[in-house]
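Good morning, colleagues, and thank you for your attention. Please take a moment to look at the sequence and the structure before I begin.

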Amino acid sequence: MIDLPLSVKKWISIVKVLGLASICCLLVVSCNGRPNTSQTTAPSAANNNRLSVGTTLKPRTLDPADNYELAGNNVMTSLSDRLYTYKLGTSDLEPQLATALPTISADGLTYVIPLRQGVIFHDDTRFNAEAMAFSLNRFIGNGGKPASLLSDVVQSVTASAEYELTIKLKTAFAAFPSLLAFPGMCAVSPKAYELGVGKFKPGTFVGTGPYKLVQFSPQLVKMDAFPKYWGAKPPNTGIDFQILSSSANLYNTFIKGGVDIAYLAFSPDQVESLKQQANQKGWQALEEKSNVVTHMMLNVKQKPLDNLVVRQAIAAMIDRSLITDRVYRKQAEALYSMIPSTFDSYQPIFQTKYGDGNIAKAKELLAQAGYNASNPLKLEVFYPATSLTREQIASTLREYASQKLAGIVEIQPQAAESTAFFGNIGKGLYQIALLDWYPDFGDPDNYIQPFLGCTKGSEAGGCSEGASQSQGSFYYSDRMNKLIAQQRQEQNPEARQKIFTEIQELVATDVPVVPLVQTKDYAFAQQGLQGLQIDPILKLPLWQMSKG
């Protein structure tokens, strides 16, 4: 999902209002009255077996059929179970409510999934295949923000036996099991929810997860460990998830001991300060690569970016180390592919093909395209006004071009109000747009198809309908469309990896997108907390943490 206050997209952009946060995550809570955000002691401080987590992310809804936001996903991951989840520290799937990976038909269209027995929902309703089918059909049928994730690929979901689910797809999709690990595709109680367009319950959650929701308010989410949970019981009795009004409040609350864990979202300066104080104060400071990436989208239908040589010159001139140092204070890594380096299929093709900050190559290509000091290349770089990091990226690029390219390139940063930014990007109004991407599921496809696929267009006219149009590049390539379709249908992992390599090479040749950075995740914990871990996909596995 792209950024936006985090009401995400259907393969469309959404703004990283978290400044330098990260992606999909989990956070939760316990029971008591509504806290004052300025208080410095957690509501659960008297209960030594509970954990308090501070964050600035405020969930809009906890209804899995309507939530398409990082804040809600953080909470739902601890409240819920999906058919599949990930082994911590990896992108490897493992069964959760399923008991095995799916049996897939030869044509890749039918998935048969055996289900776990002996599971009950938080309202004591029994879990079975009918309940799981209800949950997924509700995800599709209620028409919420993320509904298209399933509706675009799923033909039907049925209970083929009491503990067996059969899902038929419209077209083959090799990454489908990974999609089923998306937090919103969790099981919910058929007694607590309704199937029907717009029939949402934003303030409640009745699932099967290790925690049961006790309170949901703008400033506090509380969860108690669910005593009837089918799996391993958490080593804590619950989570108090404090939602603070700003990163400054989060910072001050943590350093005063008001929360056990602080996670999302700090500014780069605050992260550096907490890291420097960690040894002296006995805090735990965790750093991990995230799967959140930032790209520069190039509108291939607008002059002068309709000229391939100009796009290649931009790819050569970008200095990612300057961006990671100056903007992110090394709290991000240079990214040389649209696929992040946390996946085995990552190939640093842009580094191999263009280098990094390769001014000599950029000048050579610009001269080839007819640009010089008397006829400079003029570029406008748009970003949402709410994103400080992207504002700083655009400003850094402007200064860098001015200093290194001697007037041959002039870059003008352009801030746009967030709603206008995401409303206009698919209309072709922007030459260049800076986009952040928060993945929906842990598969390389989710970094390729949402940006490069095109359902209607031509090589000459560009993309008029599809993912690349909605993301502002308007890129159309018959070869790319075929490669995307091939990797989606290919069940053999090695063969699929080869297709992703070819996709990455084609992107670096055609340059509809210039990948910039892959961010890092940071969490800070008080002394004595055990089991603290950041996972690139699951983020904070709160169900394994406890106080010493």
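Which residue in β7 stands opposite serine 156? The answer is lysine 168. I should say at once that we are looking at a predicted model.

Let me place that pair in its setting. Strand β6 covers residues 154–161 and strand β7 covers residues 164–169. The two strands pair in the antiparallel sense, over six bridges. Together β6 and β7 form a hairpin, with two residues between them. As a general remark, side chains in a regular strand alternate between the two faces of the sheet.

I turn now to the nonpolar cores. The largest of them has 77 residues. Within that core, Leu83, Leu136, Leu165, Ile167 and Phe176 touch the most other members. Which element gives the most to this core? It is α2, with seven residues.

Phenylalanine 176 deserves a closer look. If we leave aside its neighbours within four places in sequence, phenylalanine 176 is in contact with Tyr111, Leu150, Val153, Val154, Ile167 and Leu169. There is also a second, separate core, of 75 residues. Its members include Ala332, Ala362, Ile425 and Met480.

My next topic is the aromatic residues. How many aromatic pairs does the structure hold? It holds 15. One of them is formed by tryptophan 437 and phenylalanine 451, in an edge-to-face arrangement. Their ring centres are 4.8 Å apart, and 65 degrees lie between the planes. Why does this pair tie together separate parts of the chain? Tryptophan 437 lies in strand β16, residues 432–437, while phenylalanine 451 lies in helix α13, residues 445–452, so the pair links parts that are 14 residues apart in sequence.

Are these two partners buried or exposed? The cut-off for buried is under 20% relative accessible area. Tryptophan 437 counts as buried because its relative accessibility is 0%. Phenylalanine 451, at 1%, counts as buried as well.

Two further arrangements involve aromatic rings. Phe254, Phe266, Trp283 and Phe524 form one aromatic cluster. Elsewhere, the charged end of arginine 488 sits over the ring of phenylalanine 173, at 4.1 Å from the centre of that ring.

Finally, I would draw your attention to some details of the backbone, beginning with cis peptide bonds. One such bond joins leucine 264 and alanine 265, with omega at about 5 degrees. Alanine 265 is found in the loop between β11 (261–263) and α6 (268–281). Another cis peptide bond joins lysine 303 and proline 304, and here omega is about 0 degrees. The loop that holds proline 304 runs between β12 (284–298) and α7 (308–317).

I close with positive phi values in residues other than glycine. Aspartate 124 has a phi near 75 degrees, and its place is in the loop between β5 (110–114) and α2 (129–141). Phenylalanine 474 has a phi of about 60 degrees, likewise positive although the residue is not a glycine. Phenylalanine 474 belongs to the loop between α14 (467–470) and α15 (478–489).

What does relative accessibility say about these two loop residues? Aspartate 124 counts as partly exposed, because its value is 47%, whereas phenylalanine 474 counts as buried, at 6%.

Thank you; I would be glad to take your questions.

Technical notes: Residues numbered from 1 in each chain as written. Predicted model: local features only at pLDDT ≥ 70, side-chain atom pairs only at ≥ 80, totals over all residues. Heavy atoms only, no water. Phe/Tyr/Trp six-rings, centres within 6.5 Å; stacked < 30°, edge-to-face > 60°. Helix = DSSP H or I, 4+ residues; strand = E, 2+ residues; numbered from the N terminus. Buried < 20%, exposed > 50% of the residue type's maximum accessible area, 1.4 Å probe, protein only. Lys NZ or Arg CZ within 6 Å of the ring centre and 35° of its normal. Core = buried A, V, L, I, M, F, W, Y, C linked by side-chain atoms within 4.5 Å. Contact = heavy atoms within 4.5 Å. Pairing = 2+ DSSP bridges.
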